[in-house]
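Student: Hey, got a minute to go through a protein model with me? I'd like to know how its parts fit together.

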Amino acid sequence: MANKGKKYQEAAKLVDRTKAYEPAEAIELVKKTAPAKFDESVEVAVRLGVDTKKADQQVRGAVVLPNGTGKTQRVLVFAKGEKAKEAEAAGADHVGDSDYINKIQQGWFEFDVIVATPDMMAEVGKLGRVLGPKGLMPNPKTGTVTFDVEKAINEIKAGKVEYRVDKTGNVHVPIGKVSFEAEKLAENLSTIIETLLKVKPAAAKGTYMKNVAISSTMGPGIKVNPSSFSVKR
């Protein structure tokens, strides 16, 4: 903590690092310990007990947060003909085909999410090396490869977030802004955790949800009691 600023160090003193807080208490604390003057984002980090080297223990998907993320997502849609018109009508920020593939190859990244119709994926696949490392490649599992472009765009604009376990077994997902009401952050947090519980791989052994923590962009991590959540049927 010696390298952290004074504001961070003061905020960190309010957090008991040995304690796993109940969700409501953790959220009040994350709002209290956000040291920056700007409206910081709030993120949840979840450590899962999965073997990420095995294909049957991958955890990936997307979910619409009931209260959004507080960020307006810029959507690029790869589509042609009627589907391109549908995308424009639904409020996509950019719609095209080979023209945007060329722009991306030249270093253009003025978007946050890509949606592509299945017939465009052979072309979009050429961008794999560029989009893959940035986590921007469209994928059927997250609903971004679809002919129902209107639904995909509406969900993204409404607060759809993607989750994906990394090589170390961690999942990081934004759940809103510090300025959100505590109840709205709590609702978004529950939605994420309950979704992860619901998609637990059958092959995962031992403790599945090992650790849950929330933090603001510049604030300290706050542990949350994983047993506070359950799968809603």
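Tutor: Sure, let's talk about some helix contacts, a pocket and one residue. Keep in mind that this is a predicted model.

Student: Okay, helices. At what angle do helix 3 and helix 7 pack?

Tutor: Helix 3 covers residues 81–89 and helix 7 covers residues 149–158. They pack at an angle of about 25°, and their axes are 9 Å apart.

Student: So what do you call that, roughly parallel or roughly antiparallel?

Tutor: Roughly parallel, because angles under 35 degrees get that name. The crossing of these two, helix 3 and helix 7, is right-handed.

Student: Which residues make the contact?

Tutor: From helix 3 you have Lys-83, Glu-86 and Ala-87, and from helix 7 Val-149, Glu-150 and Ile-153. Sorted by class, that contact of helix 3 with helix 7 has three nonpolar and three charged residues, with no polar ones.

Student: Cool. What about helix 2 and helix 8, how do their axes cross?

Tutor: At roughly 120°, with the axes coming within 10 Å. Helix 2 is residues 23–32 and helix 8 is residues 182–198. That angle makes helix 2 oblique to helix 8. The crossing here is right-handed.

Student: And who's touching whom there?

Tutor: Helix 2 brings Pro-23, Ile-27, Glu-28 and Lys-31, while helix 8 brings Ala-182, Leu-185, Ala-186 and Leu-189. By class, the contact of helix 2 with helix 8 has six nonpolar, no polar and two charged residues.

Student: Switching topics: what volume does the largest pocket have?

Tutor: About 700 Å³. It is lined by 31 residues, and the closest to its centre are Gln-73, Asp-112, Gly-135, Glu-162 and Pro-174.

Student: Which elements give two or more residues to that lining?

Tutor: Strands: strand 2 (60–64), strand 5 (113–116), strand 6 (160–164) and strand 7 (170–177).

Student: How do the lining residues of the largest pocket divide by class?

Tutor: Eleven are nonpolar, eleven polar and nine charged.

Student: Last one: where is Met-121?

Tutor: Met-121 belongs to helix 5, residues 121–124. Its C-alpha atom is separated by 8.6 Å from that of Phe-78, although the two are 43 residues apart along the chain.

Student: What is Met-121 in contact with, leaving aside neighbours within four places in sequence?

Tutor: Ala-116, Met-137, Pro-138 and Val-145.

Key
Residues numbered from 1 in each chain as written. Predicted model: local features only at pLDDT ≥ 70, side-chain atom pairs only at ≥ 80, totals over all residues. Heavy atoms only, no water. Axes fitted to C-alpha atoms, helices over the stretch in contact; angles between N-to-C directions. Helix = DSSP H or I, 4+ residues; strand = E, 2+ residues; numbered from the N terminus. Parallel < 35°, antiparallel > 145°, perpendicular 65-115°, else oblique. Left-handed = near helix turned anticlockwise from the far one by under 90°. Contact = heavy atoms within 4.5 Å. Nonpolar A, V, L, I, M, F, W, Y, C, P; charged D, E, K, R; others polar. 1 Å grid on protein atoms, 1.4 Å probe; cavity = no way out; pocket = protein on both sides within 12 Å on 5 of 7 lines; lining within 4 Å. Points joined across faces, edges and corners; volume = space filled by probe spheres on them.
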